[in-house]
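Welcome! Here is a short briefing on a sheet, a helix and some aromatic rings.

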Amino acid sequence: METVHQLKVTMPDIEPVVWRRIHVYSHTPLSGLHALIQATMGWDDAHLYQFGAKWEQYGHNGHPASAYTVAQLMPAVGDGAGYVYDFGDEWVHHIVVEKIHRPAPNTHYPRCSAGARACPPEDCGGPLGYERTLRAIRSRSGPRYRELREWGLHRYNPAMFDRDEVNRGLADPKSIGYPLPAPWQQEVLDLSSPYLGAPATTGQAVDHQQVEPGEAAEDREPSKVVNPLTTATDAAAQGVLDALAKVDKARAVLGAALRAEKKATGTSANDLAERVHGAMSRPLVLKALRQTD
């Protein structure tokens with residue numbers, strides 16, 4: 001019987017807490033869950049990511065995320081996992097299984113049934129940088145505020161969350177930049193796992209219940225949550241560090257090239273950012289242009 005996992009995703013390092021409640025088919029690959037978290041939270045899917053549960057890692061520098069399902073990672077109600085996005089800013093998300101239910105009639109999955117607050121702007125410097133960003137927006141002055149104005153982020157509203165807009169994007173993946181089939185619509189690779197077993201776990205089916213969108217973020221505390229970086233084995237942790245070093249080196253080379261081009265041609269920061277979109281975000285391009293060789 002096909003089932004749906006009801007997951008609550010929270011960002012514990014942000015106060016007030018940013019959270020989403022999502023419903024996703026249990027057979028969805030972890031690569032699809034990653035894209036789903038990106039879409040429902042509001043991230044740009046521009047950085048590396050990693051899931052962690054039961055002392056194992058999935059994603060970059062871990063087991064292939066496309067070869068394992070949501071049900072394999074979290075087979076039972078109450079199971080939890082960690083998800084880290086952007087190894088530089090290290091945005092930690094906690095995931096907990098609230099229910100495993102049957103699909104409701106005439107309901108499109110995946111879907112977001114509730115949530116609160118906007119995710120932080122990309123590349124703002126992690127939780128501490130996010131706090132500085134909010135202070136700058138409130139004060140409407142200072143060098144950080146001027147930088148935010150240059151990138152059009154001075155109008156960022158941390159309280160903004162539109163569940164209907166999120167669900168429109170999930171129903172039309174191309175409208176939010178995902179080619180068809182979307183990652184959450186793709187099949188799982190036919191690989192066996194020495195840790196999780198065959199990719200056919202469905203969990204326990206229960207009746208679907210609607211969730212009020214205004215439900216408080218503190219209604220249920222995540223349990224059995226594992227941070228994939230703090231629980232990594234030495235070898236896996238070293239792999240993450242090696243990957244970060246390579247990313248930093250590549251960004252340094254790209255930054256030097258951008259500074260040389262701006263000096264030679266006078267190209268604007270916005271034009272340079274558009275040219276390298278996907279490799280470096282606008283804030284990182286601005287930061288690179290301010291550096292000296």
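Y178 is buried, and W184 is buried too (under 20% relative accessible area, 1.4 Å probe, protein chains only). This is a predicted model, in which local features need pLDDT of at least 70 and side-chain atom pairs count only at pLDDT 80 or more, while totals for chains, interfaces and linings use all residues. Residues are numbered from 1 along each chain as its sequence is written, and side-chain values use heavy atoms, leaving out hydrogens and water.

**Aromatic rings**
- Nine aromatic pairs are counted, taking rings of Phe, Tyr and Trp (its six-membered ring) with centres within 6.5 Å; planes under 30 degrees apart are stacked, over 60 edge-to-face and the rest tilted.
- Y49 and F51 pair edge-to-face, at 6.0 Å centre to centre and 80° between the planes; both residues are buried.
- Y178 and W184 also make an edge-to-face pair, with 5.5 Å between centres and 65° between the planes.
- W43, Y85 and W91 are joined into a cluster by ring pairs.
- K8 places its charged end over the ring of W19, 4.7 Å from the ring centre (the rule asks for NZ of Lys or CZ of Arg within 6 Å of the centre and within 35 degrees of the ring normal).

**The sheet**
- Seven strands (DSSP runs of E, at least two residues, numbered from the N terminus) form an open antiparallel sheet in the order 4-3-5-6-1-2-7; pairing takes at least two DSSP bridges.
- Strand 4 (56-59) and strand 7 (111-116) are at the edges with a single partner strand each, so one side of each has no neighbour in the sheet.
- Strand 3 (residues 49-53) pairs with strand 5 (residues 80-85) over four bridges, antiparallel, and Q50 has V84 of strand 5 as its bridge partner.

Terms used: Buried < 20%, exposed > 50% of the residue type's maximum accessible area, 1.4 Å probe, protein only.
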